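Hi,

Here is the structure I promised to pass on, with the sequence alongside. My notes on its charged side chains follow below.

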Amino acid sequence: MEIKQVDETIYSNMQELSDELPDNSPRYILLSYPLTMESGRLSVPYVMINYLPPTCSSEMRMLYAGAKELMRNQAEVNRIIEMDAAEEIEEIEEKLKGED
């Protein structure tokens, strides 16, 4: 098996990214998202989103789960955020602020 980059699209709108995610296929998403914390400090966390919709096959779920740490190490991210619905992508700012 091989992990391949699907495309080189850079999204600046989380709604657009959410709309592009498939309903039945998992994805790893690398995200650098600038946000201002409540303290006024600028933060730009670099995270990996493990998008694993409940409608994907159990075989695909196992493949993605098995390669998650390899992908994390290759991408050199500190944090993985698990998501199972495309709509959750639109709430990423709250997730990042809550875990920072």
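Helix 1 (residues 14-20) supplies the largest share of the negative patch, with 3 residues. This is a predicted model, so please read everything below in that light. The patch lies on the surface and gathers D7, E8, E16, D19, E20, D23, E87, E90, E91 and E94. One of these, E94, sits in helix 3 (residues 92-99). E94 has a relative accessibility of 56%, so it counts as exposed, the cut-off being over 50%.

Now to the salt bridges. How many are there by the rule used here? The count comes to 3, and I'll take them in turn.

The first one on my list joins K68 and E82, with the closest N and O atoms 2.7 Å apart. This pair links distant parts of the chain: K68 belongs to helix 2 and E82 to strand 5, with their positions 14 residues apart in the numbering. Helix 2 covers residues 58-75. E82 has a relative accessible area of 42%, so it is classed as partly exposed. Leaving aside residues up to four places away in sequence, K68 touches Y28, M48, N50 and I80 as well as E82. For M48, which is 20 residues from K68 along the chain, the C-alpha atoms of the two are separated by 9.5 Å.

Next comes a bridge inside helix 2. R72 pairs with E69, and their closest N and O atoms are 3.7 Å apart. Both residues lie in that helix, 3 residues apart, which is about one turn. R72 is partly exposed at a relative accessible area of 23%, and E69 is also partly exposed, at 41%.

The remaining bridge is between the side chains of E88 and K95, at 3.6 Å from N to O. Where is E88 found? It is in the loop between strand 5 (79-83) and helix 3. Is E88 buried or exposed? With a relative accessible area of 17%, E88 is buried, because the limit for that class is under 20%. Its partner K95 is partly exposed, at 25% relative accessibility. Besides K95, E88 touches E82 and M83, again not counting residues up to four places away in sequence. E82 therefore turns up twice in these notes: as the salt-bridge partner of K68 and, by the contact definition of heavy atoms within 4.5 Å, as a neighbour of E88.

Happy to talk any of this through once you have had a look.

Best wishes

Definitions and conventions: Residues numbered from 1 in each chain as written. Predicted model: local features only at pLDDT ≥ 70, side-chain atom pairs only at ≥ 80, totals over all residues. Heavy atoms only, no water. Helix = DSSP H or I, 4+ residues; strand = E, 2+ residues; numbered from the N terminus. Patch = residues over 30% accessible without salt bridge, like charges linked within 9 Å, V, L, I, M, F, W, Y side chains within 5 Å. Areas by Shrake-Rupley, 256 points an atom, 1.4 Å probe, with all protein chains shown as cover. Salt bridge = Lys/Arg side-chain N within 4 Å of Asp/Glu carboxyl O. Lys, Arg positive; Asp, Glu negative; His and termini not counted. Charge placed at Lys NZ, Arg CZ, Asp CG, Glu CD. Buried < 20%, exposed > 50% of the residue type's maximum accessible area, 1.4 Å probe, protein only.
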